[in-house]
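Biologist: Please put the model on the screen. I will ask about its burial, its core and its charged pairs, and I would like each answer to finish on the name or value I asked for.

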Amino acid sequence: MAHEDDAQQAVPNTPGALGDGVTRRRPLRERHVEETVEVAVPVRTAYNQWTQFKTFPRFSAVVRGVEQIRPTVTAWTIGYGPLRHRFAVEIVEQDPDAYLAWRALAQNPSHQGEVEFRPTESGGTAITVRMLLEPQGAARILTRSSRAARLTARLVRGELVNFKEFIEGLGREGGAWRGIIRNGRVQHDHPEPPRSRVAQWPVG
């Protein structure tokens, strides 16, 4: 289970900007899919639970397993029935309580995505996921079709609804990772300790 780092301060939830004046990277200037769901828990709770990647199989219809490869790289296994597909994902940007962006490292098919967390007037959280499919070869033609986009959107929507039911059922997060990532690198407030003392990425 991940440890919580409450010493990290949440980044102000201003689209495209960080509290230190640095402009946040926006990887998805174009996108194939955008879906939003509102959950009845505060932003901090929703964000904290989302960062517990190893718990995704507990609510997801397609995620079968998640494991850590490197500090910002995880391997995801997805599938239906006996079919399985495994691919690596790199977290390229991450701001506590606000934003997370990733890119798949697989070549065929490949994709990138982002998720934003915004407070609602009712005290809950609006979670928006955007994805851009970047297939190679013949798969490129398939993903350009409106049918493929609709299927992907339906899948993303279903996963968001599953997460909503999961976190609302829990009522609180099961862990958290409050670190900041820039360009695929974890930002450290203090000099990095010897490698033997560096904690593993807390994904579950």
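Modeller: A definition to begin with: buried means under 20% relative accessible area, exposed means over 50%, and partly exposed lies in between, with a 1.4 Å probe and protein chains only. This is a predicted model, in which local features need pLDDT of at least 70 and side-chain atom pairs count only at pLDDT 80 or more, while totals for chains, interfaces and linings use all residues. Residues are numbered from 1 along each chain as its sequence is written, and side-chain values use heavy atoms, with hydrogens and water left out.

Biologist: Is Lys164 buried, partly exposed or exposed?

Modeller: Buried would need a value under 20%, and exposed one over 50%. Lys164 has a relative accessible area of 24%, so Lys164 is partly exposed.

Biologist: Which residue forms a salt bridge with Lys164?

Modeller: A salt bridge is a side-chain nitrogen of Lys or Arg within 4 Å of a carboxyl oxygen of Asp or Glu. The closest N and O atoms of this pair are 2.8 Å apart. Both residues lie in helix α3, 4 residues apart, about one turn of the helix. The partner, partly exposed at 30%, is Glu168.

Biologist: What is the order of the elements from the N terminus on?

Modeller: Helices (H or I, at least four residues) and strands (E, at least two) are DSSP runs, numbered from the N terminus. The protein has 3 helices and 9 strands. Their order is β-α-β-β-β-β-β-β-α-α-β-β.

Biologist: How many residues of α1 are buried?

Modeller: The buried residues of α1 are Val43, Thr45, Ala46, Tyr47, Asn48, Gln49 and Trp50. The helix is therefore largely enclosed by the rest of the structure, the count being 7 of the 8 residues.

Biologist: Which side chain does Asn48 meet in a polar contact?

Modeller: Asn48 is in helix α1 (residues 43-50) and is buried, with a relative accessible area of 0%. A contact means heavy atoms within 4.5 Å, and beyond its neighbours within four places in sequence Asn48 is in contact with Glu173, Gly175, Ala176 and Arg178. A polar contact is a pair of N or O atoms within 3.5 Å; within protein, one must be able to donate a hydrogen and the other to accept it, and residues adjacent in sequence count only if both atoms are side-chain atoms. At 2.8 Å, the side chain that Asn48 meets in this way is that of Glu173.

Biologist: Which element gives the most residues to the largest nonpolar core?

Modeller: A nonpolar core is a set of buried Ala, Val, Leu, Ile, Met, Phe, Trp, Tyr and Cys residues joined through side-chain atoms within 4.5 Å. The largest one has 35 residues, and Trp50 and Ile127 have the most contacts inside it. The elements giving two or more residues to this core include β1 (33-39), α1, β7 (125-133) and α3 (146-170). With 6 residues, the element that gives the most is α3.

Biologist: Which residue in β7 stands opposite Glu34?

Modeller: Two strands pair if DSSP finds at least two bridges between them, and 7 bridges join β1 to β7, which run antiparallel. Along β1, Val33, Glu35, Val37 and Val39 point to one face and are buried, while Glu34, Thr36 and Glu38 point to the other and are not. The side chain of Glu34 also meets its opposite residue in a salt bridge (3.5 Å, N to O). That residue is Arg130.

Biologist: Which residue in strand β6 is tied to Arg130?

Modeller: Arg130 is buried, with a relative accessible area of 12%. Arg130 forms a salt bridge with Glu116, the closest N and O atoms being 3.0 Å apart. Since Arg130 lies in strand β7, the pair ties together parts that are 14 residues apart in sequence. At 8% relative accessibility the partner also counts as buried, and the partner is Glu116.

Biologist: Where is Tyr80, and is Tyr80 buried or exposed?

Modeller: Tyr80 lies in the loop between β3 (73-78) and β4. Apart from its neighbours within four places in sequence, Tyr80 is in contact with Ala61, Val62, Arg64 and Leu155. With a relative accessible area of 51%, Tyr80 is exposed.
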